[in-house]
Amino acid sequence: MTVSRRARLLCTLALAGCVGQADHFYTLNTLPEGARVAPAPTIHVRLQVTIPSMVDRNEMVLNTTRNGIVILDHERWGAPLADQVSQTLARDIEGRRSDVFIGDRSFDRAASPPVTLKVDIVRMSAQRGGRANIEAHWHIVDPSAGIDTLGSGSFEAVLSGDGYAAVAEAYSRTLGDLAERLAQEVRR
């Protein structure tokens, strides 16, 4: 067999291996699951969330060591991760505070200026078979109450299994813990 023929055979086999692997998709979920209860919202919050560019991609990113990562080509987020984090965090906060509504500028009322909640997730990491971690800084500005506060925290959840769905579930739990803290920080 000639060298070029061997090279073509190897390329064909490599491509066949790539074609055979299916993509798997994951989403973040509001935790704990359940319906929002009672009173109508009286506090409008505008939420702005940023996440690290290293993890803000379609592919799931896991830490292999302190300084090492692996990007999983076939384990993907079902929607942009930044959007999922924002939506999950918003629904988690609303689930903990029935008097809070999180929406964009279209819901602003002239009589009551909205609370601005900026969340900067500075670290978002997970290690298969280990833990998921989120480290966040936040800034809450409530013009009607004269509140301007800064805060930060680190939130961690043990992965419940070895599968990649366990990573999504652990991130959902860490976002739930962050939402719990933020719900306490927004005025009552």
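How many salt bridges does a search of the whole structure find? In this predicted model, the search finds nine salt bridges, and some of them appear in the close-up views described below, together with the nonpolar core and a cavity.

**View 1. The salt bridge between Asp23 and Arg76.** The side chains of Asp23 and Arg76 meet in a salt bridge, with a distance of 3.6 Å from N to O. Asp23 belongs to the loop between α1 (3-19) and β1 (24-26), while Arg76 belongs to strand β4 (residues 69-77), so this pair ties together parts that lie 53 residues apart in sequence. Asp23 counts as partly exposed, with a relative accessibility of 36%.

**View 2. Arg76 and Glu59, and the network around them.** Arg76 also meets the side chain of Glu59 in a salt bridge, at 3.8 Å from N to O. Because Arg76 lies in strand β4 and Glu59 in strand β3 (residues 59-63), the pair ties together parts that are 17 residues apart in sequence. Glu59 has a relative accessibility of 14% and counts as buried, whereas Asp23, at 36%, counts as partly exposed. Asp23, Arg57, Glu59 and Arg76 are linked in a network of salt bridges.

**View 3. A salt bridge within helix α3.** Glu169 forms a salt bridge with Arg173, and the closest N and O atoms of this pair are 2.8 Å apart. The two residues are four residues apart in helix α3, so about one helical turn separates Glu169 from Arg173. Glu169 is partly exposed, with a relative accessible area of 30%, and Arg173 likewise counts as partly exposed, at 28% relative accessibility.

**View 4. The largest nonpolar core, seen around Ile121.** This core has 46 residues, and those with the most contacts inside it are Val119 and Ile121. Helix α3 (residues 164-185) supplies the largest share of the core, namely ten residues. When its neighbours within four places in sequence are left aside, Ile121 is in contact with Val49, Thr50, Ile51, Pro52, Val85, Ile134, Glu135, Ala136 and Leu175.

**View 5. The largest cavity and its lining.** Rolling a probe the size of a water molecule over the atoms shows where empty space is left. The structure holds one cavity of 30 Å³ or more, and the largest cavity has a volume of about 40 Å³. Its lining is made up of Val55, Met60, Val61, Trp77, Leu81, Met124 and Tyr171. By class, the lining of the largest cavity has seven nonpolar residues, with no polar and no charged residues.

Definitions and conventions
Residues numbered from 1 in each chain as written. Predicted model: local features only at pLDDT ≥ 70, side-chain atom pairs only at ≥ 80, totals over all residues. Heavy atoms only, no water. Core = buried A, V, L, I, M, F, W, Y, C linked by side-chain atoms within 4.5 Å. Buried < 20%, exposed > 50% of the residue type's maximum accessible area, 1.4 Å probe, protein only. Contact = heavy atoms within 4.5 Å. 1 Å grid on protein atoms, 1.4 Å probe; cavity = no way out; pocket = protein on both sides within 12 Å on 5 of 7 lines; lining within 4 Å. Points joined across faces, edges and corners; volume = space filled by probe spheres on them. Nonpolar A, V, L, I, M, F, W, Y, C, P; charged D, E, K, R; others polar. Salt bridge = Lys/Arg side-chain N within 4 Å of Asp/Glu carboxyl O.
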